[in-house]
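Okay, thanks everyone, I'll keep this short. Have a look at the model on the screen while I talk.

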Amino acid sequence: MQLARVIGTVVATVKTPGLEGVKLLVIQPLDRHLAPVGGQVVAADAIHMAGPGELVYFVAAREAAEAMPNRFVPVDHAIVGIVDAVTPLAGGEASAAAEPPPAAAQPASRSGPPRKARQATRP
Amino acid sequence: MKLARVVGTVVSTIKAPDFDGRTLLLCDLLDPSGAPSGGYTIAVDSVGAGAGETVLLLDEGTSARQVLSAPGAPIRTVVVGIVDAVTGEEAG
């Protein structure tokens with residue numbers, strides 16, 4: 001799995017039957033310092049909660065389809081989680097500078113109607 | 001399988017149900033000498049690996065799901081071992 005930023009949505013009226021009801025988002029893969037790396041890809045949103053601007057992680061290849069309700073869909077990239085925080089471990093070499101704080105720590109910059117609605121669903 | 005070093009964790013509240021209760025480790029990929037080879041991956045832990053440890057990554061979905069006893073989970077990369085030493089011509 002890798003980190004990515006959601007940068008857009010895809011609407012397709014005509015698509016193969018297996019893709020009906022599948023939410024498609026454009027994502028930009030990131031390196032672990034959250035800098036863009038590689039080309040943008042279209043990923044299915046397996047958690048139905050990701051939106052533009054959000055930091056997510058995605059799984060590629062055959063496993064992407066396993067994340068969907070119907071496991072035999074033609075999907076090769078799927079968003080499987082929204083990142084709250086990337087935490088460097090003491091003893092590791094992760095650079096803390098580029099890591100974002102937990103989402104809850106920055107409500108002012110990330111509050112919006114969709115976000116608030118979704119946060120209400122959090123346990 | 002691949003060598004990697006654990007450098008962080010990924011915390012996530014909203015995620016696919018198959019990830020509930022699992023630890024996601026941010027791992028830098030290594031070459032055989034132990035130097036970072038540039039890439040990274042997020043892997044599911046199965047051995048209790050900790051910070052800075054060199055680990056063995058399994059990067060194949062069917063085997064990963066078997067290791068985790070999680071059929072149908074959208075998981076491809078799993079930490080399956082903690083490396084004590086790598087020896088050989090290329091290894092440092």
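So, Val80(A). Skip its neighbours within four places in sequence, and on its own chain Val80(A) is in contact with Ala46(A), Ile47(A), Tyr57(A), Phe58(A), Val59(A) and Ala67(A). From chain B, it also picks up Lys15(B), Ala16(B), Phe19(B) and Pro74(B). Bear in mind this is a predicted model.

Val80(A) also turns up in the largest nonpolar core, which has 57 residues. Which members touch the most others there? That would be Val56(A), Phe58(A), Ala78(A), Ile79(A), Val80(A) and, from the other chain, Cys27(B).

Now the chain contacts overall. We have 34 residues of chain A in contact with 26 residues of chain B. On the chain A side, the elements giving two or more residues are strand E4 (55–60), helix H1 (62–66), strand E5 (77–82) and strand E6 (85–88). That side of chain A splits into 20 nonpolar, nine charged and five polar residues.

Let's stay with E6(A) for a second. It pairs with strand E1 of chain B, residues 2–11, antiparallel, over four bridges. Thr87(A), for instance, has Thr9(B) as its bridge partner in E1(B).

Over in chain B, strands E2 (residues 24–30) and E3 (residues 36–45) are antiparallel too, with six bridges. Leu24(B) sits opposite Val44(B) in that pairing. The hairpin has five residues between the strands, and Gly34(B) takes a positive phi there, near 95°.

And E3(B) has another partner: it runs parallel to strand E5 of chain B, residues 77–82, over two bridges. There, Asp45(B) stands opposite Val79(B).

Definitions and conventions
Residues are numbered from 1 along each chain as its sequence is written. Chains are lettered from A and ligands numbered from 1 in the order in which they are written. This is a predicted model: local features need pLDDT of at least 70, side-chain atom pairs count only at pLDDT 80 or more; totals for chains, interfaces and linings use all residues. A nonpolar core is a set of buried Ala, Val, Leu, Ile, Met, Phe, Trp, Tyr and Cys residues joined through C-beta atoms within 7 Å. A residue is buried if 20 or more other C-beta atoms lie within 10 Å of its own, exposed if 12 or fewer, and partly exposed in between; C-beta atoms are placed from the backbone. Two residues are in contact if their C-beta atoms, placed from the backbone, lie within 7 Å. Ala, Val, Leu, Ile, Met, Phe, Trp, Tyr, Cys and Pro count as nonpolar, Asp, Glu, Lys and Arg as charged, and the others, Gly among them, as polar. Two strands pair if DSSP finds at least two bridges between them.
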